[in-house]
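This note is written for a colleague who is meeting the structure for the first time. Please read the numbered points with the sequence and the structure open alongside.

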Amino acid sequence: MFREELPDIRLSKAVPQSAEKIKHIRELIRDYAAEKNLVPPLQEEEVIHHSGILIWKHPELFPYRKLLAVMINNYAWHRIFSGIPFNRRILLLPKCMSHSTECPAEYDDLGLLCQQCGRCDIAGIITRADELGYHTIVSEGTTAVTLLLASGKVECVIGVGCLHSFERSFPLAVKEAVPSIAIPLFNAECKDSRVDLDWLNEVLSLRDETNWQGWIDLNLLKQEIGNWFTLENLHRLLESEDATSNIACKWMASGGKRWRPLIMVAVCKALGSMTDANTEAIMKLAVAVECFHKASLVHDDIEDDDAERYGAPALHEQHDIPVAINIGDLLMGYGYQLIARAWMKGEQITQLLTIAAQGHRDLSLGQGEELLWRRRKELLPVQQILKIFSNKTSPAFEVALLFGAVVAGGDKALMEIIRNYSRALGIAYQIKDDLEDFNADIGSNSFNILQPSLITAIINERDPLLMQDCLERTRKGDETVAAELSQLTQTKEAVQEAEKLLEDYKQKALNTLKELNNPAMKILLIRLLNKII
Amino acid sequence: MSKQVYICGCEKDGKIEKATVEKLKKSLEEKNIGYTYIEDLCGSVLKNPEDLQGMCHAEDAMLIGCQPRAMEKLLSLLGDSGANTKLTFQHIDKADEMVSNITAGQAVTGDAKISYREEWKPWYPVIDYDRCNGCRKCLNFCLFGVYAVNEEGKVVVDQPANCKDMCPACARVCPQEAIIFPKHTDNTIDGSDGISGKKSGVNLIDQIQNEDVYSVLNARRSNFKMSLLKKDQLKMAEEERRICSCHAAAKKVDEASSEKNDKTGHSCCE
């Protein structure tokens, strides 16, 4: 309740009070950043690593380590930021810069509506920003900032604020990979705050002759790709009109998120290799990727005895099992036909075929492991489950990403990064799926202990006797096991452990991107990770 | 039965005018009604709640100060030892008529005082649980850890002293307008009863999430510029009207003019 009890947060959150000193530090970091060739977005630990090096070189900067982190991040974005047109940038000012007692402004949902009375610096800043074409928001607190960043639709942000607020919004900016420059306030009193106007003005006017093309509007792209999957277009691409093909095309056209085609095309765009001339070829490859995916779903639903897909009857329910199996086979054939007709160069065709074939292989190996496991009705160790997860889901992402990279003529290093990224992403995706299924089933007491589940594997690892008992009772037809499991602390702990694993694999996926030197691709893969999981 | 009168002076950077308090005190004294003066209710609630026990458990008492809802919710922070239902609340601007209804001799308390001597200005939020729906926006919003969740899962003001002086931002974020800053001057944030209505109508927060951010911000900017323009026009119109009516009045006096002239006087404003 008392102020004295507050830890002294000022220590690491200090900002030098003179503009000259700030300028000096900025120049120091500019030179450092130029030397290191920082590729944004930087992960938090990378930023900390760089500020550590700087402090080691200049111990007197120790009190300003948070400020250093902010500046390092700024310089990492510097080049891309300069390539973004003014009218795609959003300037976020904090309300605390306004006059604390005499500000006449009113507020709407997004913040203060400046009346340009001139009692504080805001009016001048807004006038300058307006002239350039910026969109300005004077926000109270961080809600508007958070929502803007999380919307995934903002291309660029300049944020003025205290170091506290940056600590809040930094993780979000990293998560959404939004090019952003942060300018800290001199003071953190939340009242009559001031900013280094020279610095702000310099940043506001940063603009070079090039246009940064790396930002991809995923929502728009999704719509465009959706149009590739109309019945008409599918018939055109697959070049057939018979009854069996009709079923296949209808199945392709119905439902699904089209993640894989979206991923593939987004990679082509990020790597700057999509032109009007090759759009048709890219379309064929994207539809091929979806053919493979849809084929595996048909077979999967039969193998898993799932009666529903996309909230409607599964294909083998709409028709029958033999028809469905055959449609799966047909789609596989169509997929390879599309690859052949995309008219890629010889080397690229070899690469595409290798990637597609490896994808089928790994997928079937993962599914096979699971099917055999189910037959044995035993519990698997956690590592084994993770391997199944990896085999079952990673290929789908990997094939889509690699197809995009092949079209763009990506090098070996890029392919390797994509493989590692896909592996971690696939596992994370399956853990999330597993957790959601488990929570839904255990809530309704319909959890089947005989299904492969990471949660039961974790419980088994910690308390084998308990799981053995549950397993035997289930085999004997005891139906109270699920309800009992849901109440156990072991279960809650296992869920927590699984959640931690999910975070670990997400982080692993992010870590694979550290070596990636193409910022557009790096931004895309970070955004995809957060969209998919 | 005698009514005990309490007055909060909101002394720590408060918004209650000293003159208003003095006037009230004087009129009570003139009527020979005793009262207890609380220097700063917000301060006492947090730092010396025991001083308020007499008031909270009085048989019949009235507390005069800022917004009644603000004072009521403030005292509910004291929990079980807080106000019983016999305490009524009165806004100081409306105290005159209430006081006139109390006759001399009804009040028995002497000219006592409940002090608040701390340096710290007691600026902190008070949650109105009649409105709060537990959405936790304030909890996620505040950078300084003022809010916390208690064992029952309820959001509570856990570290009031962490609150930044004059920052009412969490109250603006609250979709229920359930957060009161008794020392604030804006409608509804100060605990006045109404709902500001700002939350209804076009919801920009929804818009920026669902529509093209840039066009939403463009529209917002031009709407605001338009409203400023309208405001200016209105101001000019009013100014002109004022000048015109002065002219008209002057004409009336000087020339003792006819109705016809008066009409021409107004016509310039139309």
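The points below go from the domains of one chain to single elements and residues, and then to the contact between chains.

1. Status and domains. The model under review is predicted. Chain A is divided into three stretches: domain 1 covers residues 3-204, domain 2 covers 213-343 and domain 3 covers 377-533.

2. Domain 2 against domain 3. In chain A, the C-alpha centres of domain 2 and domain 3 are 25 Å apart. Their contact involves 19 residues of domain 2 of chain A and 21 residues of domain 3 of chain A. On the domain 2 side, two elements of chain A, α11 (259-270) and α12 (279-304), give two or more residues each. Of these, α11(A) supplies the largest share, nine residues. By character, this side of domain 2 of chain A holds 15 nonpolar residues, three polar and one charged.

3. Helix α15 of chain A. This helix spans residues 346-376, and its 31 residues should cover 45 Å at 1.5 Å a residue; the C-alpha atoms at its ends are 45 Å apart, so the two values agree. The buried residues of α15(A) are Gln351(A), Leu352(A), Ile355(A), Ala356(A), Gly359(A), Asp362(A), Leu363(A), Gly366(A) and Glu370(A). When reading such a list, recall that an α-helix has 3.6 residues a turn, so residues three or four places apart point the same way. The cover over the buried residues of α15(A) includes α12, α14 (321-340) and α16 of chain A. Directly after α15(A) comes Lys377(A), with a positive phi of about 55°.

4. The largest nonpolar core. This core has 218 residues, and those that touch the most other members are Met264(A), Val267(A), Leu285(A), Phe403(A), Leu524(A), Tyr6(B) and Leu63(B). Helix α16 (residues 382-407) of chain A gives the largest share of the core, 13 residues. Beyond its neighbours within four places in sequence, Val267(A) is in contact with Leu401(A), Gly404(A), Ala405(A) and Leu524(A).

5. Strand β1 of chain A. Is this strand mostly covered or mostly open? Running over residues 90-94, β1(A) is mostly covered, with five of its five residues buried. Ile90(A), Leu92(A) and Pro94(A) point one way, while Leu91(A) and Leu93(A) point the other way. β1(A) runs parallel to strand β4 (residues 135-139) of chain A, and five bridges join the two. A parallel pairing also links β1(A) to strand β5 (residues 157-161) of chain A, here over three bridges. Leu91(A) has a bridge partner in each of these strands: Thr136(A) in β4(A) and Ile158(A) in β5(A).

6. Cys470 of chain A. This residue lies in helix α19 (residues 464-475) of chain A. Cys470(A) counts as buried because it has 22 C-beta neighbours inside 10 Å, where 20 or more are needed. Apart from its neighbours within four places in sequence, Cys470(A) is in contact with Ile449(A), Val481(A) and Leu485(A). Val481(A) is 11 residues from Cys470(A) in sequence, and their C-alpha atoms are 6.3 Å apart.

7. Chain B against chain A. How many residues does the contact take from chain B and from chain A? There are 27 from chain B and 27 from chain A. On the chain B side, α7 (169-173), α8 (204-210) and α9 (213-255) of chain B are the elements that give two or more residues. Helix α9(B) gives the most, with six residues. The chain B side divides into 18 nonpolar, four polar and five charged residues.

Conventions:
Residues numbered from 1 in each chain as written. Chains lettered and ligands numbered in written order. Predicted model: local features only at pLDDT ≥ 70, side-chain atom pairs only at ≥ 80, totals over all residues. Contact = placed C-beta atoms within 7 Å. Helix = DSSP H or I, 4+ residues; strand = E, 2+ residues; numbered from the N terminus. Nonpolar A, V, L, I, M, F, W, Y, C, P; charged D, E, K, R; others polar. Buried ≥ 20, exposed ≤ 12 C-beta atoms within 10 Å, placed from the backbone. Pairing = 2+ DSSP bridges. Core = buried A, V, L, I, M, F, W, Y, C linked by C-beta atoms within 7 Å. Domains from an automatic or database assignment. Expected span 1.5 Å × (residues − 1).
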